[in-house]
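Hi,

Here is the structure I said I'd pass on. Have a look at it first, and then read my notes below.

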Protein chains: 2
Amino acid sequence: MATHALILAGGAGTRFWPASRARRPKQLLPLTSAQPLLLETIDRIRDRVGGGANVLIASGATVVKATREAVPELREDQILIEPVARNTAPCIGWGVATIARRDPEAVVIVLPSDHYIADRERFQGALDVAIESAREGHITTIGIQPTRAETGYGYIELAPGEGPVRDVVRFVEKPSHEIAKAYVASGKHLWNAGMFIFRAKDMLAAIREHLPALADGLDEIDRAAQRGDELAEVAQRFPSFPAVSIDVGVIEKVRGLRVVPANIGWSDVGSWEAAWQLAEHDANGNAIQGADTTLVESQGNIVVDLRSDRASQGRLIALVGVSDLVIVETDDALLVVPRERAQDVKYVVEELRSKRRERHL
Amino acid sequence: MATHALILAGGAGTRFWPASRARRPKQLLPLTSAQPLLLETIDRIRDRVGGGANVLIASGATVVKATREAVPELREDQILIEPVARNTAPCIGWGVATIARRDPEAVVIVLPSDHYIADRERFQGALDVAIESAREGHITTIGIQPTRAETGYGYIELAPGEGPVRDVVRFVEKPSHEIAKAYVASGKHLWNAGMFIFRAKDMLAAIREHLPALADGLDEIDRAAQRGDELAEVAQRFPSFPAVSIDVGVIEKVRGLRVVPANIGWSDVGSWEAAWQLAEHDANGNAIQGADTTLVESQGNIVVDLRSDRASQGRLIALVGVSDLVIVETDDALLVVPRERAQDVKYVVEELRSKRRERHL
């Protein structure tokens with residue numbers, strides 16, 4: 001019963017523009033350390049899965065080249081390339097089926113590739129509990145103890161009880177602020193961080209029960225794999241798969257679901273504001289990443305220099321009397337936005353799309 | 001009685017860092033139009049001096065190369081190179097002596113090279129009055145009608161009288177705010193903008209009277225010029241000349257001084273704030289110079305892109321929700337400072353000096 005990791009790295013967001021682009025999404029950026037988030041994710045579970053050989057990356061056609069460059073240790077067959085984006089259920093199904101072909105008893109750890117966890121040891125402790133629970137036949141998730149009334153996340157309601165792993169009553173998607181406040185106060189609700197641990201065969205059975213069309217398609221892909229024709233079958237089948245998340249399509253309907261409550265310093269690194277919060281700061285609260293700066297009476301800024309020829313050019317970023325700004329330089333763009341408006345970077349991306357400025361997207 | 005221009009372009013300031021550098025000072029920057037301020041200055045007086053051939057530029061060793069590139073029409077002997085900076089009296093003396101060798105009756109227009117004048121026609125009208133006054137033997141200045149109680153300028157007090165050219169009572173250097181307010185209210189005071197018009201022989205006589213050591217030195221340079229040895233003599237003499245401004249050393253002591261009051265939209269373009277005021281604005285008050293921008297809910301900013309390979313690189317500057325900032329990109333530096341703190345760019349320059357970062361100075 002080996003343990004494998006299936007890391008979801010096909011996403012492409014816009015919240016870290018101009019650093020994140022269609023071909024270099026958030027998980028490939030060094031937002032919280034000198035390493036890309038994807039590599040941090042792999043390193044966190046590396047010794048729980050017996051090294052990098054048991055890691056499978058679900059990637060997309062647009063980002064696969066940059067992903068290979070970011071994680072050169074991976075063999076070609078460790079990267080699954082979704083031909084089209086179909087949310088998480090189809091690609092998790094494909095990944096789990098791939099692992100199950102060799103070992104249906106294998107435990108699979110599904111993880112997002114673009115989150116941050118401050119307390120690696122506690123995370124690994126929670127993971128060990130979840131792996132044990134999965135081995136007992138329970139699809140298990142790790143739930144994050146909420147620290148604020150966040151309305152953008154899904155919540156997991158705990159059944160009454162004790163111990164490191166608990167039964168789940170239900171999932172609630174993005175509650176109102178009032179309800180979120182009550183959840184945080186209750187002590188009975190956790191954030192759903194998209195981390196799922198299960199035996200391969202248990203997830204395939206759950207998919208067969210709750211998403212039978214996907215299960216049939218995965219059977220066809222299995223047969224094609226035996227013929228040595230897997231990728232052609234995937235290219236043909238994938239577009240017809242239901243575009244549904246594993247949460248909504250399977251997890252929320254599963255009986256016997258369990259959760260490991262965890263207080264591990266988790267963040268989904270949702271914006272430049274979050275990146276500032278997670279980064280190291282100087283005495284004036286400035287977070288400087290890769291930039292050569294001269295700061296005069298400037299506080300609380302995040303300055304990120306991702307220009308490729310920076311070192312050789314000796315470029316300097318000088319701030320005078322500015323506070324709480326996000327300043328990001330790439331080879332072909334500069335962004336300046338107040339930290340508290342970091343979410344509004346999406347409007348720049350929208351405008352670039354409407355002007356069909358592909359090179360900046 | 002030809003008319004000549006002597007344009008003072010040897011200065012090097014720090015207020016437009018990172019655009020202005022030791023080798024590319026303010027007068028060589030396109031701050032108020034697509035042309036460098038120096039070229040704008042030449043164009044304003046070109047038809048008053050019979051074309052570019054009667055223009056003499058007083059430059060310095062550090063900036064002469066960039067000056068030649070900015071004004072390629074000039075012959076080599078139209079640029080005087082001060083071997084060391086000695087304020088304005090020595091270089092004006094040398095320039096006037098140079099013109100006087102061929103034509104002591106010539107009228108000389110002395111102008112700073114780094115100012116802005118919105119109303120070219122009115123300026124030329126005032127200049128015509130001043131040239132006429134100079135031909136009558138009066139050293140004449142053009143005085144700017146003050147629009148605010150500026151304490152950083154010198155003021156010229158008018159004698160009672162009428163007409164387009166008036167006698168001067170006295171000069172006052174940088175008054176207190178109270179006094180400056182009274183000056184603006186009085187209607188009898190003008191700003192000294194450093195524009196002087198005179199016959200060459202009258203200025204040489206005034207220098208002989210008020211700065212006799214300089215006059216003696218200029219005589220030696222004249223004799224050396226007759227021997228074909230002018231530059232060696234200048235290199236030897238200049239360091240011993242008194243480092244004094246023409247205002248303090250000569251003009252303020254001259255008898256019969258006249259002034260032409262002028263309301264011509266003058267600015268000394270003293271900071272990025274001034275550059276913003278003088279530039280064209282979009283509907284949201286943003287001044288964009290040479291930059292490819294995407295602006296979202298951003299007002300009152302000045303964005304200057306002086307990168308040499310900008311066009312070919314297709315670089316984009318995106319602002320979201322920021323107001324009243326100065327943002328300047330050059331090949332090796334980025335500056336971000338609130339417009340109202342634009343003067344504080346000097347602190348960056350001071351820090352770079354203390355760190356001996358010559359390449360950014």
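**What I found**

Let's begin at the tail end of chain B: B:Arg356 is in the segment that follows helix H12 (345-354) of chain B. Keep in mind that this is a predicted model. Its phi is the odd part: B:Arg356 has a positive value near 55°, though the residue is not a glycine. Why does that catch the eye? Most residues other than glycine have a negative phi. B:Arg356 counts as exposed because its relative accessibility is 68%, and the cut-off for exposed is over 50%. Chain A has a matching entry: A:Arg356 comes in the segment after helix H12 (345-354) of chain A, with a positive phi of about 55°. A:Arg356 is exposed too, at a relative accessible area of 68%.

How far can you trust the model? The scores are ipTM 0.84 and pTM 0.85. For chain A, the average pLDDT is 93, and 99% of the residues score at least 70.

Next, how the two chains relate. A turn of 179° with a shift of 0.1 Å along the axis lays chain A on chain B, with an RMSD of 0.1 Å. That makes it the relation of a two-fold axis. Which C-alpha of chain A is nearest the axis? It belongs to A:Val336, and the distance is 4.5 Å.

There are also cis peptide bonds to look up. One joins A:Trp17 and A:Pro18, with omega about 5°, and A:Pro18 is in the loop between strand S1 (3-8) and helix H1 (37-45) of chain A. In chain B, the bond from B:Trp17 to B:Pro18 is cis, with omega near 5°. B:Pro18 is likewise in a loop, between strand S1 (3-8) and helix H1 (37-45) of chain B. As background, most peptide bonds are trans.

Now find helix H3 (residues 88-102) of chain A. You can check its length yourself: at 1.5 Å a residue, its 15 residues should span 21 Å, and the end C-alpha atoms are 22 Å apart, so the two agree. Is this helix mostly covered or mostly open? Mostly covered, since 12 of the 15 residues in H3(A) are buried. Among them are A:Ala89, A:Cys91, A:Trp94 and A:Ile99. A:Trp94 turns up again in an aromatic cluster, together with A:Phe238 and A:Phe241. Over all chains, the search of the whole structure gives 14 aromatic pairs.

Rings also meet charges in chain B. The charged end of B:Arg339 is placed over the ring of B:Trp276, 3.3 Å from the ring's centre. B:Lys346 lies over the face of B:Tyr347, with 5.5 Å to the ring centre.

Finally, a pair of aspartates. Where is B:Asp332? Look in the loop between strand S16 (325-329) and strand S17 (333-338) of chain B. Its relative accessible area is 12%, so B:Asp332 is buried, the cut-off being under 20%. The side chain of B:Asp332 has a polar contact of 2.8 Å with that of B:Arg21. In chain A, A:Asp202 is part of helix H6 (residues 200-210) and counts as buried at 16% relative accessibility. The side chains of A:Asp202 and A:Arg199 make a polar contact of 2.8 Å.

Happy browsing!

Technical notes: Residues are numbered from 1 along each chain as its sequence is written. Chains are lettered from A and ligands numbered from 1 in the order in which they are written. This is a predicted model: local features need pLDDT of at least 70, side-chain atom pairs count only at pLDDT 80 or more; totals for chains, interfaces and linings use all residues. Side-chain values use heavy atoms; hydrogens and water are left out. Helices (H or I, at least four residues) and strands (E, at least two) are DSSP runs, numbered from the N terminus. The expected span of a helix is 1.5 Å times one less than its number of residues. Buried means under 20% relative accessible area, exposed over 50%, partly exposed in between (1.4 Å probe, protein chains only). Rings of Phe, Tyr and Trp (its six-membered ring) pair if their centres lie within 6.5 Å; planes under 30 degrees apart count as stacked, over 60 as edge-to-face and the rest as tilted. A charge sits over a ring if NZ of Lys or CZ of Arg is within 6 Å of the ring centre and within 35 degrees of the ring normal. A polar contact is a pair of N or O atoms within 3.5 Å; within protein, one must be able to donate a hydrogen and the other to accept it, and residues adjacent in sequence count only if both atoms are side-chain atoms. pLDDT is the predictor's confidence in each residue, from 0 to 100. Copies are superposed by least squares on the C-alpha atoms of residues with pLDDT of at least 70 in both.
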